[in-house]
Every structure is written in C-alpha cells, then in structure tokens.
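Me: I should like to learn how the features of a structural model are read, one after another. Please take me through the one shown here.

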Amino acid sequence: MEEVKFNFENLIVYQKSLDFIDMVYNICSKFPKTETYILTSQYLRAANAIALNIAEGAGSSDAQFNRYLQIALDSTRECVVCSTIAYRRKYIQE
C-alpha cells in the first residue's frame with residue numbers, strides 16, 4: 001500500500017515542530033510527579049498545539065492558514081513561559 005502524505009508534512013516548520021515536541025516530551029519526563037497535572041500537562045499541550053495548528057491550517061486559504069500559524073505562534077509563546085517556569089523551579093538548565 002502506498003504511503004499517503006499531506007502537503008503540510010513537507011513544511012520545514014511542521015517538521016521542526018515535531019522535533020520540538022520530542023524535546024518537550026523528553027524534558028517533561030524528568031519533571032517531578034507533582035507537576036504532572038500542572039506544568040507538564042500545559043507544556044505538552046502547548047507544544048503539541050504548534051504542530052496541530054500548522055497541520056489544521058495547511059489545507060485552508062492563505063488567510064486561514066496565516067490565522068492558524070498565528071495560533072501556533074501563540075502556543076510557542078506558551079512554551080517559552082513553561083520553559084521559564086521550569087528553569088526558575090530548577091527542573092531544567094539554561
């Protein structure tokens with residue numbers, strides 16, 4: 001059976017978002033268990049939202065795709081805050 005590929009799968013930004021998700025999962029696996037439903041959950045949700053919004057918007061009009069990219073960027077900002085919190089709590093290093 002032939003592998004079906006969607007156009008967004010060829011986008012470098014999408015591929016990089018998957019790499020970022022892998023990194024966040026690795027980072028969060030080292031967080032204390034007390035963070036499971038707090039920081040870990042939020043961080044993983046935000047990281048996944050980046051790739052999900054890129055994929056969801058890719059089949060739309062340019063204007064719609066730009067809107068989804070903006071939402072992905074907003075999720076990226078959430079990840080920055082999660083990283084800062086993790087750093088301040090000494091869960092990660094610079």
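**Reading the model**

Reply: At 34% relative accessibility, Leu-18 counts as partly exposed, because buried means under 20% relative accessible area, exposed over 50%, and partly exposed in between (1.4 Å probe, protein chains only). Leu-18 lies in helix H1, where helices (H or I, at least four residues) and strands (E, at least two) are DSSP runs numbered from the N terminus. Its C-alpha atom is 8.1 Å from that of Asn-48, which is 30 residues away in sequence.

Me: On what basis are such values given?

Reply: This is a predicted model, in which local features need pLDDT of at least 70 and side-chain atom pairs count only at pLDDT 80 or more, while totals for chains, interfaces and linings use all residues. Residues are numbered from 1 along each chain as its sequence is written, and side-chain values use heavy atoms, with hydrogens and water left out.

Me: How many helices and strands are there in the protein?

Reply: The protein has three helices and zero strands, in the order α-α-α from the N terminus. Its C-alpha atoms fill a box of roughly 40 × 35 × 25 Å along the principal axes. Of its 94 residues, 32% count as buried.

Me: What span should helix H2 have, and what is the distance between its end C-alpha atoms?

Reply: The expected span is 1.5 Å times one less than the number of residues. The 23 residues of H2 (residues 36-58) should therefore span 33 Å, and the end C-alpha atoms are 32 Å apart, which agrees. H2 nevertheless bends by about 25° at Ala-49; the bend is the angle between axes fitted to the seven residues ending there and the seven starting there.

Me: Which residues of H2 are buried, and what covers them?

Reply: An α-helix has 3.6 residues a turn, so residues three or four places apart point the same way. In H2 the buried residues include Leu-39, Tyr-43, Ala-46, Ile-50, Asn-53 and Gly-57. Their cover includes helix H1 (12-28) and helix H3 (62-88).

Me: Why does Asn-53 count as buried?

Reply: Asn-53 has 10% relative accessibility and therefore counts as buried. Beyond its neighbours within four places in sequence, Asn-53 is in contact (heavy atoms within 4.5 Å) with Tyr-68, Ile-71 and Ala-72.

Me: Which residues have the most contacts inside the largest nonpolar core?

Reply: In soluble globular proteins, nonpolar side chains tend to be buried together. A nonpolar core is a set of buried Ala, Val, Leu, Ile, Met, Phe, Trp, Tyr and Cys residues joined through side-chain atoms within 4.5 Å. Here the largest has 21 residues, and those with the most contacts inside it are Val-24, Cys-28, Phe-31, Leu-39, Tyr-43, Cys-79 and Ala-86. H1, H2 and H3 each supply at least two of the core residues, and H2 gives the largest share, eight residues.

Me: Which residues are in contact with Phe-31, leaving aside its neighbours within four places in sequence?

Reply: They are Leu-39, Thr-40, Tyr-43, Ala-86, Tyr-91 and Ile-92. Tyr-91 belongs to the segment after H3; its C-alpha atom is 6.1 Å from that of Phe-31, although the two are 60 residues apart along the chain.

Me: What joins the side chains of Tyr-91 and Glu-35?

Reply: A polar contact of 2.8 Å joins them. The term denotes a pair of N or O atoms within 3.5 Å; within protein, one must be able to donate a hydrogen and the other to accept it, and residues adjacent in sequence count only if both atoms are side-chain atoms.
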